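Dear colleague,

I am passing on the structure we spoke of handing over, and I would be grateful if you could look through it alongside the notes in this message.

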Amino acid sequence: MTSPNLKNCSLVMGTFGEVQDVVEQAEKDMLLLMLGGLLVLFCTVDVWYFLRGAQVFIQTLLQPKIRDVLAEQRVDGVVLPHDVDYKGHMNNSRYLRECDFARFHHYMRNGLFMALCRMGAKMVVGASTIRYRRSLAFGEAFEIRTRVLGWDDKAFYLEQRFLSKKDGFVSAVLLCRQNVVHSSPEKIVEFVCKKKIECPQLGEDVKHWINFISANSQALRAESGLEQKKDE
């Protein structure tokens, strides 16, 4: 005959085994739920964009500040698998994305970003034009050189160049207009530099580009009837 103690022990062991199975199943369900949540997150939100933004933010906090708002700054990069198109070259849209992060890096180090935050202002891209000269291939190292060319009463004007680390060739050039909202470029520069800084003379090519933007804006306003309403 089996003793009562052995029966109780077997019962306890059986119950413990069932509990352990339930716990393991719950852990598996939780893991599947987390994986499913991550899948949905990555399918609906550009997670890598925000992670990259956080990385740039932390990186610039650890780097020395550059108080000269007109100084050129350089950011290194390399063409990764998710950057390339079917030809094995950097996708056209990736150039614009890399320029976004390079500008953020630029504003963080020269103090413009913090000045905007403290003044309750912000900057938005009003226009950008990029000229592609030579493709950047998969695995190719490059450097983005960003500098403020000047400003007017509404916006900053920047130039960004992609230089191949292989031979220093300028692979692409981008001009960007950053519109300032709730303040002005002059006030922001004065806030950062603690004095008034004279705006540099813009090149003829940049002036032509600004004139194009202005003419295009007027044409679109006329097309939509905004100019007529304004006159009325």
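What follows is a short account of what was found in the structure, starting with the overall fold and ending with individual residues.

Please keep in mind throughout that this is a predicted model. The secondary structure of the protein consists of seven helices and five strands, and, read from the N terminus, these elements follow one another in the order α-α-β-α-α-β-β-β-β-α-α-α. Of the 232 residues, 32% count as buried, while the accessible surface of the protein amounts to about 15100 Å², with 58% of that area belonging to carbon and sulfur atoms. If one considers the contacts in the protein with a separation of 6 or more, 71% of them are made by residues 24 or more positions apart.

Turning to the interior, nonpolar side chains in soluble globular proteins tend to be buried together. In this model the largest nonpolar core comprises 15 residues, and those with the most contacts inside it are Leu112, Met123, Phe156 and Ile188. Two or more residues of this core are supplied by each of helix 4 (112-119), strand 3 (141-151), strand 4 (155-164) and helix 5 (185-193). Leaving aside residues up to four places away in sequence, Ile188 touches Leu112, Ala115, Leu116, Met119, Phe156, Val180 and Ser183. There is also a second, separate core of 13 residues, which includes Val79, Tyr95, Ile130 and Phe162.

One polar residue that you may wish to inspect is His105, which lies in helix 3 (residues 92-110). His105 has a relative accessible area of 5%, and because the cut-off for buried is under 20%, His105 counts as buried. Its contacts, again not counting residues up to four places away in sequence, are with Val56, Thr60, Gln63, Gln73 and Val75.

Finally, how many disulfides are there in the model? The count comes to zero, and the case of Cys99 shows the reasoning: the nearest cysteine sulfur, that of Cys176, is 8.1 Å away, whereas a disulfide requires two cysteine sulfur atoms within 2.5 Å, so Cys99 is in no disulfide. For Cys176, the nearest cysteine sulfur is that of Cys99, at 8.1 Å, and Cys176 is likewise in no disulfide. Cys99 is buried, with a relative accessibility of 1%, and Cys176, also at 1% relative accessibility, counts as buried.

With best regards

Conventions. Residues are numbered from 1 along each chain as its sequence is written. This is a predicted model: local features need pLDDT of at least 70, side-chain atom pairs count only at pLDDT 80 or more; totals for chains, interfaces and linings use all residues. Side-chain values use heavy atoms; hydrogens and water are left out. Buried means under 20% relative accessible area, exposed over 50%, partly exposed in between (1.4 Å probe, protein chains only). Helices (H or I, at least four residues) and strands (E, at least two) are DSSP runs, numbered from the N terminus. Contact means heavy atoms within 4.5 Å. Accessible areas come from the Shrake-Rupley method with a 1.4 Å probe; for residues, only the protein chains shown count as cover. A nonpolar core is a set of buried Ala, Val, Leu, Ile, Met, Phe, Trp, Tyr and Cys residues joined through side-chain atoms within 4.5 Å.
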